[in-house]
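The following exercises train the reading of a protein model. Attempt each task before consulting its solution.

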Amino acid sequence: MFKLTFIATAALLSAVPAAAITTLDFDAARGRNGRTGYVYGAWAEEGYRVAADRCSSPAGTCFVTTGTALTSLDRTGAALTNFLGGAVTTLSRADGGAFRLLGMEMAGNYGNFSGFGAPTLGVTFTYTFADGTIATEARTLANTPGQRLTINDLSFPAQPLTSVAWRPGAGTSGFLQFDDIRLAAGVPEPATWALMIVGLGAVGARMRRRRIAPAAA
């Protein structure tokens, strides 16, 4: 009986996809020889989509990449920055499914402290959860001594999301670098949960019948 129950339970649990961790590093967007690169339209990577609400034109530049500059988040690969100041960036899965946002790195663009207004030290996140609720959160990025660059390894709500958006703080340069976004997909779909519940119920009923049978005999 124990063996039967174990096999049935293992088979049901195997239907739940593993929560694989994905990191969006944007290195493929790096310009030649470490120079600035340009992203036209939304950026797609590892089954996720990063889009801006303001670009140079509908099919024009939405993001630029930072590379070898001292103030870049990633001096060997690339980090993305919104092309137009104050643009809202939205991250979602390409298939519209749910995901968990585990963390990311974020910084002011190039450490600009002149010419483009005050540096971006604040950011507002908007979370759209899988249950349809929406929440916002304002954060202040930490200043890194010596580089005059804001950088953070951020953490986020544990609930599954369908999208997350971020906007640079008001009254600043309006440009934010972001890189190494860590995500966990594989949130069980309702059909999977239903299959598990029905299956476990059937296993329980079988066990109950087997317990009753000897007493009836």
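Four exercises with worked solutions follow.

The model is predicted, so local features need pLDDT of at least 70 and side-chain atom pairs count only at pLDDT 80 or more, while totals for chains, interfaces and linings use all residues. Residues are numbered from 1 along each chain as its sequence is written, and side-chain values use heavy atoms, with hydrogens and water left out.

**Exercise 1. Determine which residues of the largest nonpolar core touch the most other members, and which strands supply at least two residues each.**

Step 1. Recall the terms. A nonpolar core is a set of buried Ala, Val, Leu, Ile, Met, Phe, Trp, Tyr and Cys residues joined through side-chain atoms within 4.5 Å. Buried means under 20% relative accessible area, exposed over 50%, and partly exposed in between, with a 1.4 Å probe and protein chains only.

Step 2. Identify the residues. The largest nonpolar core has 32 residues, of which Leu91, Met106, Phe125, Trp166, Phe178 and Ile181 touch the most other members.

Step 3. Locate the strands (DSSP runs of E, at least two residues, numbered from the N terminus; helices are runs of H or I, at least four). At least two core residues come from each of S4 (48-52), S5 (61-66), S8 (100-108), S9 (122-129), S13 (161-168) and S14 (176-184).

Step 4. Examine one member. Beyond four places in sequence, the contacts (heavy atoms within 4.5 Å) of Trp166 include Leu91, Met106, Phe125, Phe178 and Ile181.

**Exercise 2. Describe where alanine 20 lies and which residues it contacts beyond four places in sequence.**

Step 1. Alanine 20 belongs to the loop between helix H1 (2-13) and strand S1 (21-24). Its relative accessibility is 47%, so alanine 20 is partly exposed.

Step 2. Leaving aside neighbours within four places, alanine 20 is in contact with Leu183, Ala184 and Ala185. The C-alpha atoms of alanine 20 and alanine 184 are 5.5 Å apart, although 164 residues separate the two in sequence.

**Exercise 3. Describe the aromatic surroundings of phenylalanine 156.**

Step 1. Rings of Phe, Tyr and Trp (its six-membered ring) pair if their centres lie within 6.5 Å; planes under 30 degrees apart are stacked, over 60 edge-to-face, and the rest tilted. The whole structure contains nine aromatic pairs.

Step 2. The ring centres of phenylalanine 125 and phenylalanine 156 are 5.1 Å apart and the planes stand at 80°, so this pair is edge-to-face. Phenylalanine 125 is in strand S9 and phenylalanine 156 in the loop between S12 (149-154) and S13, 31 residues apart.

Step 3. Tyrosine 127 also pairs with phenylalanine 156: the centres are 6.2 Å apart and the planes at 75°, so the pair is edge-to-face. Both tyrosine 127 and phenylalanine 156 are buried.

Step 4. Arginine 139 lies over the face of phenylalanine 156, 5.0 Å from the ring centre; the criterion is CZ of Arg or NZ of Lys within 6 Å of the centre and within 35 degrees of the ring normal.

**Exercise 4. Find the three salt bridges and state which of them joins two strands.**

Step 1. A salt bridge is a side-chain nitrogen of Lys or Arg within 4 Å of a carboxyl oxygen of Asp or Glu.

Step 2. Aspartate 95 pairs with arginine 93 at 2.7 Å, and arginine 139 with glutamate 137 at 3.2 Å.

Step 3. Aspartate 153 and arginine 182 meet at 2.5 Å, N to O. Aspartate 153 lies in strand S12 and arginine 182 in strand S14, so the pair ties together parts 29 residues apart in sequence.
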